[in-house]
Amino acid sequence: MKKRYTIIHTEQTDLVIHDGATENLHEIIDATNQTSYVILFDAETYRLFGKKAETSLQKFNKPVHIFIIETGEASKSLSTIENILSFLIEKNCDRKTTIIGIGGGVVSDIATFVGGIYYRGVNCILIPTTLLAQVDAAIGGKGGVNITDYKNIIGVIKQPNAIIIDPLVLSLLPQEQITSGMAEIIKMAIAFDRHFFNYLSTVIKLDNNVLKKAIHTSVNLKMKIIQEDPLEKTNTRTAVNFGHSFGHAIELMAKIPHGFAVAIGMVYAMEVSTKITGFSKKEMDQAIVLLRKFGLPTTIKNLSKNDVLEHMKKDKKNFGGNFRLVLLDAIGKLRIVENIDKKIIEESFHKVLI
Ligand SMILES: NC(=O)c1ccc[n+]([C@@H]2O[C@H](COP(=O)([O-])OP(=O)(O)OC[C@H]3O[C@@H](n4cnc5c(N)ncnc54)[C@H](O)[C@@H]3O)[C@@H](O)[C@H]2O)c1
Ligand SMILES: [Zn+2]
């Protein structure tokens, strides 16, 4: 006998964007049926938000446990996961424990992974505190850790029950990290939304109101994409990697912040687009002006073309050495192109490698 069953599994995520949310978690989080809470922080986010978040959750009169990981990417390891799982067992956490991650992308990736595997999945709430995590890492349910040099090679896709964004926490973030996070916001505009692009182009100063509106629009765009393609089974979700093939290559080589590398990667993808889809040079120039306005680089010095090419070949999205890029037909309209001629790949380097 051979029979195929279709098993549909739906998940629901509440998105809350609210000034001061980190101090008023008990007013936002739904405590129904939950037995205890475990908050994951890194050392820095614990220092910044630990006491207030803990005090707020204690108002539920249920156990609140705190687990602090070391700050930084090195914490994204299986040994951290094992330590957290042992802690959960020691504290008698059960199927109705809620895991809450308060921090940047490192914390949200770990919280999502733990939430996805403890008892094969418990409630998970993400409270992203870097701009990158607010608009990207905490959105979409991907969680995981690294093994040696292989980034995010193991993990889960598990949508959080809630994502709580407090724009006020960004005032504590160094400017470089705001600028880096802006690259992902501008990416969503260039790749998916011409109106949003026009709006950002009219902005004179990145004040709190502009930032809040930009976070709103960008998160809504990404959530809609996740709804359409939650497990990255089609090209819809892949498209959020616009600018990332080239970006990842130079991020590793030049050791620059992720968003800076993505900004340069987007210019590269646009240059390739002008040669393949007929994307207009005028729109490319508008996008470059926008990136520069927010302090992002659009070129990079002293990198060898050959080294960049080798790194790009290793990108897991370039199946079997065939170059595959997310390209633009126009701002807000993209398509994925396979088997791009190596000559075009190389010729386009001149726009960004100076
Ligand atoms: N799951 C996904 O879809 C996805 C997407 C993009 C990135 N990521 C992952 O995200 C990680 C990078 O995230 P990140 O850039 O947020 O790094 P991070 O989590 O290391 O945070 C950067 C630094 O900022 C500090 N910090 C956090 N909030 C702060 C605040 N409000 N004020 C001051 N300092 C604060 C942190 O303690 C840390 O030192 C990478 O591991 C990447 O793989 C995941
Ligand atoms: Zn990115």
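The following paragraphs lead through the domains of this predicted model, the surroundings of its ligand and two of its helix pairs.

The domain assignment divides the chain into domain 1, residues 14–171, and domain 2, residues 174–351. A distance of 28 Å separates the C-alpha centres of domain 1 and domain 2. Where the domains touch, domain 1 contributes 16 residues and domain 2 contributes 20 residues to the contact. On the side of domain 1 that touches domain 2, strand E1 (14–17) and helix H5 (131–137) are the elements that give two or more residues. Helix H5 gives the most to that side, namely five residues. By class, the side of domain 1 that touches domain 2 comprises ten nonpolar residues, five polar residues and one charged residue.

Helix H5 also appears in the description of the ligand site. The shell around ligand 1 receives two or more residues from each of helix H2 (43–58), helix H4 (105–117) and H5. Of the 26 residues around ligand 1, those that come nearest are Glu44, Gly104, Gly105, Thr130 and Leu172. The composition of this shell is nine nonpolar, ten polar and seven charged residues.

Helix H4, which gives residues to the ligand shell, also packs with helix H3, residues 78–90. The axes of H3 and H4 come within 11 Å and cross at roughly 55°. An angle of that size falls outside the ranges for roughly parallel, roughly antiparallel and roughly perpendicular, so the two helices are oblique to each other. The crossing in which H3 passes H4 is right-handed. From H3, the residues Thr80, Ile81, Ile84 and Leu85 meet Ile110, Phe113 and Val114 of H4. Six of the residues in this contact are nonpolar and one is polar, with no charged residue.

A second helix pair is formed by H6, residues 175–192, and H7, residues 194–202. The axes of H6 and H7 lie 6 Å apart, and the helices pack at an angle of about 130°. H6 is therefore oblique to H7. In this pair H6 passes H7 in a left-handed crossing. Ile186, Ala189 and Ile190 are the residues of H6 that meet Phe196, Phe197 and Leu200 of H7. The contact of H6 with H7 has six nonpolar residues, and no polar or charged residues.

Taken together, the two helix pairs can be set side by side. The crossing of H3 with H4 is right-handed, whereas that of H6 with H7 is left-handed. Neither the contact of H3 with H4 nor the contact of H6 with H7 includes a charged residue.

Key. Residues numbered from 1 in each chain as written. Chains lettered and ligands numbered in written order. Predicted model: local features only at pLDDT ≥ 70, side-chain atom pairs only at ≥ 80, totals over all residues. Domains from an automatic or database assignment. Contact = placed C-beta atoms within 7 Å. Helix = DSSP H or I, 4+ residues; strand = E, 2+ residues; numbered from the N terminus. Nonpolar A, V, L, I, M, F, W, Y, C, P; charged D, E, K, R; others polar. Near = placed C-beta within 6 Å. Axes fitted to C-alpha atoms, helices over the stretch in contact; angles between N-to-C directions. Parallel < 35°, antiparallel > 145°, perpendicular 65-115°, else oblique. Left-handed = near helix turned anticlockwise from the far one by under 90°.
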